[in-house]
Amino acid sequence: MDSMLTFKFLWVMMTLCIYVRAEEKCTDDANCLYSYAGKLSADCSSRNLAFPPCFNETSELEAINLRHNRLNHVPDNMPKNIEFLDLSYNNIQDNLVYLQNYTRLRHLNLYHNQMDYASFHRQVTEMPNLQFISLKHNKQLSSYPRYLFAGFGSLHHLRIDGLPDGNFGDMFPNSEVKSLKILDVSGYDGFCKISRLKASMFAKFNLTHLNLSQCDLLYIDLGSLSSQKHLQFLDASNNERLGFRGLRIIAHDLQNSTIKVLKLKKVHCTFGLGTILLLNHTTYLNKTSLEELYLDSNRIEIMETGVITYHLPKSLKYLSLGDNQISNGIYHLEVSALHNLQTLNASFQLFTHNNFFDGCYDYRQSCHILPEFTVYPQEFTIYPSVVKSVRNIYPWYQHNAFSGLFPKPPNFTYYLPRSLTTIFANDMKFQFFVIRQLFFGQCNVTHLHFQNNFIYEMHVPTLGCNNLVYLDFSNNYCRYFTPHMLKIQSQLEVLNFSRNDLGHIFQDDNKGELLGRNLKLTVLSLHDNKITTLPRNVFINNSMIKILNISRNRLDTWRVDLRHMYQLQFLDLSFNLLSELDESAIDLLPTHGEFKISFQGNPLSCTCKNLFFLNWINNIHLDRLSHIANTTCIYRNGSTLSLQNLPDILNILQKDCSSYSVIIILASSFICFVTSFIIYRIIYRYRWKILYIYYLVKRAIFPENKKTEGKRFYESDVFISYATHQRDFSISMARKLENKGLKVRIHDRDFLPGIDIAENITNAIHNSRRTVVVMTSHFLKSHWCMFELNMARMESIYSRGGENFLLLILLEKNVIKDMPRSLFDIIESKSYLEYPDDDSFQSPDAFWANLEDAINENE
């Protein structure tokens, strides 16, 4: 008896311990972030909390975020008026009863904890104001507890795991659940193993959004979704074993419903034979008001003729067929029948997947349709009416649904839906040259995504689609496109030509013809195009550009004029080969305050030569230099300096450059002085030769001048050169020689007026058979006398082949010692006569006879 009483006492105490704790602990220093924008809220996420923060229960907090902590129970100290509570990513297992204390709670997130649905059902019996709850990713049961949400009369959005034997209707006691509109049992972020849908699962509901993606669905019973007349969104994607037979059942159940969005991505395994979209699969789709249809990643290879024309609803605005294996066929031409289609996604065709058995749990059989559920014929027929209508539009097209889509006529027209504005045709592995014109009829496409294909060259414009606003033609290995291609695109705002090979055609575009007069173009990307240089006026016709990306090319100089781009906000020159920008290049950049530029990844130099450029960067303020933390320059010792420290760098360079300036000035001055001195010495040494050659050339160039015209025979026998002090002696000598029958020329009598003295001298020497120099100390001091002597020497050397036609008369006895060394060769050759003085043994008559003989020596 006593033992029985003891047992009962222990049982009562254990029961009370479930609901009563001796002491509630909380954390004072939780470091929560409080926000007062709109609603008063506290963000205590990711604080590694084992105990909840110490909240004031009378606080006006409306939202508390406690996700990503280590809580193992629901806090009981939170404000009573709380409406939003996030307890996801914790270790909560029990003490869920405290949730009922927060009667105004509308949003509750218990995602990714350690509780089970049975415990939740026992401890949380009523939350009448709750509208959203997430119980995904907790401990799993095989089925849902009966009447799990009996006291949740306002529940609008439910996120819960999909249990193998679970029936969603069992969780609610009423025969009709009016409040619940959104049901998410997707396995993307939780657990879902629903192999079969039955009508009883949704009979109580009137849903608008249903997510059954990645639930391992294999079968859908006919009528399972018939009750959901107001369903607007259905996602059954990533059920790899469902196949297109599921599409037929869904379309049948949702005919005449309000369905707007249907997602059936990857309802076939990634690998296997190509699939065929049959008329049988889409029989009831045309009876729906569907606006968006997603059939991506289903290995669709061909479609039966008529699927698009007759079975796809005319209300369709968005059609996604990405990541398939679509081959050419007549069904391509049916797309024009979808008059309301606005967006077409045909990207990622014929792509290889890396995960060979992604989603196939048993690759030997899970990718195959079970024979007993194969209710559709696997053959298909081409409707004659479709072929007839297609032939009316395309008379050149043959009756072969699997022949090539485009034959080889000179030009052809491909019709697009009249409402189509956006096409995703990227990553389709197109590989061809555009050498024939393409016409698109009534085309209103504004956005074209055509990146990651293989369009090597475009030699003709594509006519008809002249309303493009956005064009992405990147990564197409394109090396040429005609300038006419963009001239017709007057509405273009965004143009992406990156990752091509267009450097060679842009470097020759001196008039800016390639980009045309696109005055609305605001974003232009030309990065990764192997551009080595750009002409000054390559962007002259595009004044509205705001973002210009020319990064990752091979530019080593920048001479492009951007002064007309008053709205340019960002110029990206990163990862090129620029080491400096000189003053002329900087003058071509915009000057307004919103302009930013990036030089990241360029080998900029921190040298005195680049000081102007570095000062310019500093003057425009460093906040206008993008990626400044990653922008560096190379100092003269090879070290790399960050431009974040540009003021310090400039101080160092100012000191270096000031010392270098003095050295450079002194060195330059010395070099100039030495060079000038050497040139002067060379000219001085060969001055007579230079003067003689000058007059010789002048005489050869202007032979028509009759006053200085040279003769074949000498005009005079002798030219007498003398100083003014020896004028009487020289005139007397001239008369004596003329009495002997010789023709004599002297400057006082025979020089022609109006001709330069030097020219008269050279003409007299050149046109005289002998030149006689009356040598005295006055002669050596006279400039023109020495000029006559040296011109005579040059004449002897260069015009008369070394002939000794120069004769010196030494009128003064000691004049030889005053003569320059350059005249000693005349003395040594004995081409001189000494005039006899009073002490001489020679008589004057003998002197005159010797002079006459010397003049006539080689006559």
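The following dialogue goes through some features of a predicted model, one feature at a time.

Me: Where should I begin, and how many helices and strands does the protein chain have?

Reply: A good start is the overall make-up of the chain, before any single residue is considered. The protein chain has 18 helices and 41 strands, and of its 859 residues 47% count as buried. Its accessible surface comes to about 42900 Å², and 53% of that surface belongs to carbon and sulfur atoms. If you take the contacts with a separation of 6 or more, 64% of them are made by residues 24 or more positions apart.

Me: How do I read a nonpolar core, and which residues have the most contacts inside the largest one?

Reply: A core is read as a set of buried nonpolar residues that are joined through side-chain atoms. The largest nonpolar core here has 170 residues, and those with the most contacts inside it are Phe120, Phe149, Phe202, Phe539, Trp558 and Leu571. To see one of these in its surroundings, take Leu571: leaving out residues up to four places away in sequence, Leu571 touches Leu548, Ile550, Trp558, Leu562, Leu589, Phe595, Lys596, Ile597 and Ser598. There is also a second, separate core of 27 residues, which includes Ala723, Phe751, Met791 and Met819.

Me: How do I compare a helix with its expected span, and what is the result for α12?

Reply: The expected span is 1.5 Å times one less than the number of residues in the helix. Helix α12 (residues 727–739) has 13 residues and should therefore span 18 Å, which agrees with the 18 Å between its end C-alpha atoms. Its buried residues are Phe729, Ser730, Ile731, Met733, Ala734 and Leu737, and the buried residues of α12 pack against β37, β38, β39, β40 and α18. After α12 comes Gly741, whose phi is positive, near 95 degrees.

Me: Is helix α16 largely enclosed or largely open?

Reply: Burial can be judged for a whole helix by counting its buried residues. In α16, 12 of the 17 residues are buried, so the helix is largely enclosed by the rest of the structure; among them are Cys785, Phe787, Leu789, Met791 and Met794, along with the charged-type names Glu788, Arg793 and Glu795. This helix covers residues 783–799 and reaches 23 Å from its first C-alpha to its last, close to the 24 Å expected.

Me: How do I read a salt bridge, and how many does the structure hold?

Reply: Look for a side-chain nitrogen of Lys or Arg within 4 Å of a carboxyl oxygen of Asp or Glu. The structure holds 20 salt bridges. In one of them Asp86 pairs with Arg67, with the closest N and O atoms 3.5 Å apart; Asp86 is in strand β4, Arg67 is in the loop between β3 and β4, and the two are 19 residues apart. Asp86 counts as buried because its relative accessibility is 5%, whereas Arg67, at 28%, counts as partly exposed.

Me: Which side chain meets Glu457 in a salt bridge?

Reply: The side chain of Arg479 does, at 2.9 Å from N to O, and this pair links strand β24 with the loop between β26 and β27 across 22 residues. Glu457 has 15% relative accessibility and so counts as buried, while Arg479, at 33%, counts as partly exposed. Salt bridges can also join into a network, as they do for Lys136, Arg159, Asp184 and Asp189.

Me: Why does a positive phi deserve a second look?

Reply: The reason is that most residues other than glycine have a negative phi. Asn48 has a positive phi of about 60 degrees although it is not a glycine, and Asn48 lies in the loop between β2 and β3. Asp323 is another case, with a phi near 55 degrees, in the loop between β17 and β18.

Me: Are Asn48 and Asp323 buried or exposed?

Reply: Asn48 counts as exposed, because its relative accessibility is 51%, while Asp323 counts as buried at 18%.

Me: Finally, which residues form the nonpolar patch on the surface?

Reply: A patch is read from nonpolar side chains that remain accessible and lie within 5 Å of one another. Here Phe670, Ile671, Phe673, Val674, Phe677, Ile678, Tyr680 and Ile682 form the patch, with about 840 Å² of accessible area together. Tyr680 belongs to helix α10, and Tyr680 counts as partly exposed because its relative accessibility is 48%.

Definitions and conventions. Residues are numbered from 1 along each chain as its sequence is written. This is a predicted model: local features need pLDDT of at least 70, side-chain atom pairs count only at pLDDT 80 or more; totals for chains, interfaces and linings use all residues. Side-chain values use heavy atoms; hydrogens and water are left out. Patches are made of residues with over 30% relative accessible area and no salt bridge: like charges are joined within 9 Å, nonpolar side chains (Val, Leu, Ile, Met, Phe, Trp, Tyr) within 5 Å. Accessible areas come from the Shrake-Rupley method with a 1.4 Å probe; for residues, only the protein chains shown count as cover. Helices (H or I, at least four residues) and strands (E, at least two) are DSSP runs, numbered from the N terminus. Buried means under 20% relative accessible area, exposed over 50%, partly exposed in between (1.4 Å probe, protein chains only). Contact means heavy atoms within 4.5 Å. A nonpolar core is a set of buried Ala, Val, Leu, Ile, Met, Phe, Trp, Tyr and Cys residues joined through side-chain atoms within 4.5 Å.
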